[in-house]
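Q: Please take a close look at the salt bridges of this protein and describe where the paired side chains sit.

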Amino acid sequence: MKYTIAIAMIFLGALNLSAQQEGFMGQMLMNKLTLNPGYAGYRERPILTFAHRQQWTGFAGAPMTTVISYDRPLSKSSLAMGTSLGHTRMGPTTASEFNGYFAVRTRLNNRATISWGMNAGVNLFQANLTGLRNTADSFGQQDETLLTNSRSELVPQIGFGCYYFTQGYYFGVSMPKLVKTKSVIKSDFTEKSNVISEKSAYIMGGKSHKVKRDLMFTYNGFMIASPYSPITVGTFATAVVEQKYTLGAYYILAQSAGVLFQFEFDRTMKFGYSYDVSTNALIRTNFGSHEISFNYLFKNKVKRATYPRFF
């Protein structure tokens, strides 16, 4: 564990100075693959996950994000793999990304496993600036950079992470994006390059507490650090009843507070819904954010003896 914590400190110290932070989805409890590639194969079964978030409903141009992911352990080995496809629309801009994941897992003892993962893929950004309604200044002039769409470019992406877990708790550190995503806007006289997303370091951890046979409490915390952006800190608390119903609440410091619900069908399908509201000045501009998610666990060709997975 002390080596894992040391790695986390290195991740935070390795950040270069620049732009903005990645978004966060409330239903990340169902699958952390896109946040930490070391999570691949954690369920010990092939799993397909769909998540969709509509942020700040009622606010024109608010972000909308959809993510589809799949990961699985490889038969008769300590390896795991996965893939994900994400799409985000915010105002006149759209961003798409595709990633592949690969993890090597090591059993430290009968109860603990550490997984080292990496991801690689491409990002695509497009800004439809000509669709904006521009207003001229007092001289009848408009900003020329808003009269031309940005040039679409495929940007390679790479990241890595570490995920340590036992039956009762987990700890993870990761940097899933090590390459900046930029847009290039050209006009007749200028060329402007804007940084769209910057490197972010994720630290997360959680613990489960069994109250009685059919009732389990879980606690999760996370921190996101990115250059020139405030550190994001959040916490989740959930109650798992009969390993089927999950009820919980979460709070992201100075940003939002929400509630979540998850229901599992016959050990293979799980549906989740969460709703959160802003806890800052944005609360007066929208009606909150909605998020849904869906998990489907496939059967393993090779039978594995595993304990229930709550993280």
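A: The account below follows the salt bridges one pair at a time. This is a predicted model in which local features need pLDDT (the predictor's confidence in each residue, from 0 to 100) of at least 70, and side-chain atom pairs count only at pLDDT 80 or more, while totals for chains, interfaces and linings use all residues. Residues are numbered from 1 along each chain as its sequence is written, and side-chain values use heavy atoms, with hydrogens and water left out.

The whole structure holds 5 salt bridges, each being a side-chain nitrogen of Lys or Arg within 4 Å of a carboxyl oxygen of Asp or Glu. One of them joins glutamate 291 to arginine 53, at 3.0 Å from N to O. This pair links distant parts of the chain, 238 residues apart: glutamate 291 belongs to strand S17 (residues 289–297) and arginine 53 to strand S1 (residues 47–54). Strands here are DSSP runs (E, at least two residues), numbered from the N terminus. Both side-chain partners, glutamate 291 and arginine 53, are buried (under 20% relative accessible area; exposed is over 50% and partly exposed in between, with a 1.4 Å probe and protein chains only). A network of salt bridges links Arg53, Asp276 and Glu291.

A further salt bridge pairs glutamate 97 with lysine 177 (2.7 Å, N to O). Because glutamate 97 lies in strand S4 and lysine 177 in the loop between S8 and strand S9 (181–186), the pair ties together parts 80 residues apart in sequence. Glutamate 97 is partly exposed at 26% relative accessibility, whereas lysine 177 is buried at 11%.

Key. Helix = DSSP H or I, 4+ residues; strand = E, 2+ residues; numbered from the N terminus.
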